[in-house]
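Student: I have a structure open and would like to learn how to read its features. Where do we begin?

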Amino acid sequence: MLSVADIFKIGIGPSSSHTLGPMKIARRFLDEAKAEGAFDRAASVYADLYGSLALTGVGHCTDRAIILGLLGEEAETIRTSMVDGMLDHVRGSEQLKLLGVKDVPFAWDTHVRFSPPGDVPDAHPNGMRLTLCDAAGEPIFAQVYYSVGGGFIRREDEMGVPETDGPDPAYRFGSATELLKICETTNQSIADIVLANEDVLRPRAETEAILKSIWDAMARCIERGLSTRGTLPGGLKVTRRAPSLYAKLTRSIPNERESLFDWLNAFAMAVNEENAAGGQVVTSPTNGAAGIIPAVIKFYCAMDGVSETAKIDTFLLTAAGIGMLYKARASISGAEMGCQGEVGVACSMAAAGLAAVWGGMPRQVERAAEIGMEHNLGLTCDPVGGLVQIPCIERNAIGAVKAVNAARLALQSEDPSRVSLDQVIETMRQTGLDMNKKYKETSEGGLAVNVVEC
């Protein structure tokens with residue numbers, strides 16, 4: 001079983017699959033090279049990107065992320081304010097210090113190579129090969145990896161192989177039907193079941209500390225996004241809007257009923273503007289959809305400087321349980337599922353989390369998750385300019401509002417649901433498989449080709 005810490009990872013923007021994943025891959029590659037005895041003989045390193053990583057890698061900062069990973073940096077601890085300086089040094093010196101200890105020559109434009117558009121791996125659209133060469137230029141160690149969404153990574157020989165490491169969970173579930181049956185049999189909530197599984201992995205106090213660190217990172221991201229003005233990096237020249245919207249909200253007490261939308265919009269866009277700027281965010285379950293869950297938690301569990309810890313924990317545990325189902329039964333990768341696998345899944349998770357906080361029974365929580373996804377089916381991933389900005393930032397704001405409405409509908413509905421969460425997850429999976437690849441994080445279709453870059 002996956003853990004809450006697998007679904008919610010602290011990383012850096014702008015993309016969990018195109019930035020966080022490749023950064024982790026590069027670091028893992030060098031660790032594996034050391035274990036095989038190849039690291040000390042390395043005189044050069046090359047990275048070859050395929051599929052979606054090649055098509056949108058520049059806009060998603062994939063090349064930058066790989067270099068940071070090769071330097072030995074980790075997303076959880078890196079100081080984002082130092083990133084530009086580290087990368088400028090590599091570019092200017094044409095030297096890269098592998099894992100911070102071994103200098104090798106590195107010409108940015110020749111050591112990171114983007115494959116042509118038609119070169120898409122069969123195993124997953126986000127493929128990359130890393131190679132170490134000796135002083136004679138001969139390859140001495142090479143591996144192929146895939147960044148499979150949400151910061152999850154797999155080596156080529158691990159694709160399609162179930163992970164068996166770790167202890168058996170207290171409650172094993174592979175579908176929403178199984179999860180609901182466990183809840184009914186044990187008279188527990190979804191959050192209770194997920195927490196019991198976490199208890200098998202570590203002491204309860206450590207899990208509580210993890211949940212706190214997740215929310216703290218989300219809250220800090222919101223704060224930075226609300227207070228940082230300016231233009232986002234990249235050729236689109238997108239202006240940050242969250243600070244001005246927040247300023248309007250705090251100058252006077254809004255009387256309109258619709259101010260709920262404004263607060264959710266401000267919080268969600270604050271996170272995704274930070275993500276677009278390469279700031280530290282939490283995969284929720286991906287970077288491209290990182291603003292939805294924090295926005296809903298902030299408004300309903302942590303307004304006015306008061307964080308209701310019990311509610312936040314319930315929200316995160318419940319949302320994680322739903323996210324695990326999507327990860328196991330379909331995918332949370334935009335390159336596989338389109339944006340229904342990112343914003344759609346985040347909306348579903350947030351709806352479930354909020355329904356649980358509002359006191360919903362497990363079947364109502366499941367219904368909230370189902371509604372949240374049902375009305376995101378078919379959502380494409382077509383980032384303009386390959387940047388996680390248009391339509392991604394606004395899409396998180398809309399997703400947050402939609403999640404709240406899904407939770408309300410689920411709790412107000414009295415008739416039995418005609419569609420189950422398992423059915424909607426399977427529908428999402430089939431829709432993703434049928435979706436034309438140009439709508440799956442390639443920037444070859446949709447808004448990406450119909451919006452003229454300025």
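Tutor: We will go through domains, a helix, empty spaces and some backbone angles in turn. Keep in mind that this is a predicted model.

Student: Into which domains is the chain divided?

Tutor: There are two ranges to look at: domain 1 covers 17-158 and domain 2 covers 176-439. Their C-alpha centres lie 30 Å apart.

Student: How many residues of domain 1 are in contact with domain 2?

Tutor: On the side of domain 1 there are 16, and they are in contact with 17 residues of domain 2.

Student: Next, helix H7. Which of its residues are buried?

Tutor: A residue counts as buried when its relative accessible area is under 20%, and as exposed when it is over 50%. In H7, which spans residues 176-186, the buried ones are Ala176, Leu179, Leu180, Ile182 and Cys183. Looking down the axis of H7, you find these buried residues within an arc of 155 degrees, so they line one face of the helix. On the other side of H7, the residues Thr177, Lys181 and Thr185 are exposed.

Student: What covers the buried residues of H7?

Tutor: The cover includes four helices: H8 (190-201), H13 (309-329), H16 (362-374) and H18 (421-434).

Student: How do I judge a single residue, such as serine 17? Is serine 17 buried or exposed?

Tutor: Look at the relative accessible area. Serine 17 has a value of 3%, so it counts as buried. Its place is in helix H2, residues 16-35. Leaving out residues up to four places away in sequence, serine 17 touches Pro22, Leu53, Asn126, Ser147, Gly149 and Glu441.

Student: And where is glycine 338 found?

Tutor: Glycine 338 is in the loop between helix H14 (334-337) and helix H15 (343-357). Its relative accessibility is 0%, so glycine 338 counts as buried. With residues up to four places away in sequence again left out, the residues it touches include Leu379, Cys381, Met435 and Tyr439. Take methionine 435: it is 97 residues from glycine 338 in sequence, but the two C-alpha atoms are 7.7 Å apart in space.

Student: Is valine 101 buried or exposed?

Tutor: Valine 101 is exposed, with a relative accessible area of 61%. You will find valine 101 in the loop between strand E3 (95-98) and strand E4 (102-105). Its C-alpha atom is separated by 35 Å from that of glycine 334, which is 233 residues away along the chain.

Student: Now for empty space. How many cavities of 30 Å³ or more does a search of the whole structure find?

Tutor: The general idea is that rolling a probe the size of a water molecule over the atoms shows where empty space is left. Here the search finds 1 cavity of that size. The volume of this largest cavity is about 150 Å³. It is lined by 17 residues, and those closest to its centre are Gly288, Glu342, Cys381, Val388 and Cys392. By type, the lining divides into 9 nonpolar, 4 polar and 4 charged residues.

Student: What lines the second largest pocket?

Tutor: That pocket holds about 550 Å³ of space. Its lining has 27 residues, with Cys61, Arg64, Pro233, Ala277 and Gly278 nearest the centre. Helix H4 (62-70), helix H5 (83-93) and helix H11 (259-276) each supply at least two lining residues. H4 gives the most, with 4 residues. Domain 1 and domain 2 each contribute at least three residues to the lining.

Student: Last, the backbone. Which residues have an unusual phi or peptide bond?

Tutor: Most residues other than glycine have a negative phi, and most peptide bonds are trans. Cysteine 61, however, has a positive phi near 65 degrees. Cysteine 61 lies in the loop between helix H3 (52-55) and H4, and is partly exposed, with a relative accessible area of 22%. Asparagine 187 also has a positive phi, of about 60 degrees. Asparagine 187 lies in the loop between H7 and H8 and is exposed at 72% relative accessible area.

Student: Which peptide bonds are cis?

Tutor: One cis peptide bond joins glycine 13 and proline 14, with omega about 10 degrees. Another runs from isoleucine 390 to proline 391, with omega near 5 degrees. Proline 391 lies in the loop between H16 and helix H17 (392-412).

Technical notes. Residues are numbered from 1 along each chain as its sequence is written. This is a predicted model: local features need pLDDT of at least 70, side-chain atom pairs count only at pLDDT 80 or more; totals for chains, interfaces and linings use all residues. Side-chain values use heavy atoms; hydrogens and water are left out. Buried means under 20% relative accessible area, exposed over 50%, partly exposed in between (1.4 Å probe, protein chains only). The arc is that of the directions from the helix axis to the C-beta atoms. Contact means heavy atoms within 4.5 Å. On a 1 Å grid over the protein atoms alone, a cavity is a set of points where a 1.4 Å probe fits but cannot get out, and a pocket is an open set with protein on both sides within 12 Å along at least five of seven lines; lining residues have an atom within 4 Å of a point. Grid points are joined across faces, edges and corners, and a volume is the space filled by probe spheres set on the points. Ala, Val, Leu, Ile, Met, Phe, Trp, Tyr, Cys and Pro count as nonpolar, Asp, Glu, Lys and Arg as charged, and the others, Gly among them, as polar. Domain bounds come from an automatic or database domain assignment.
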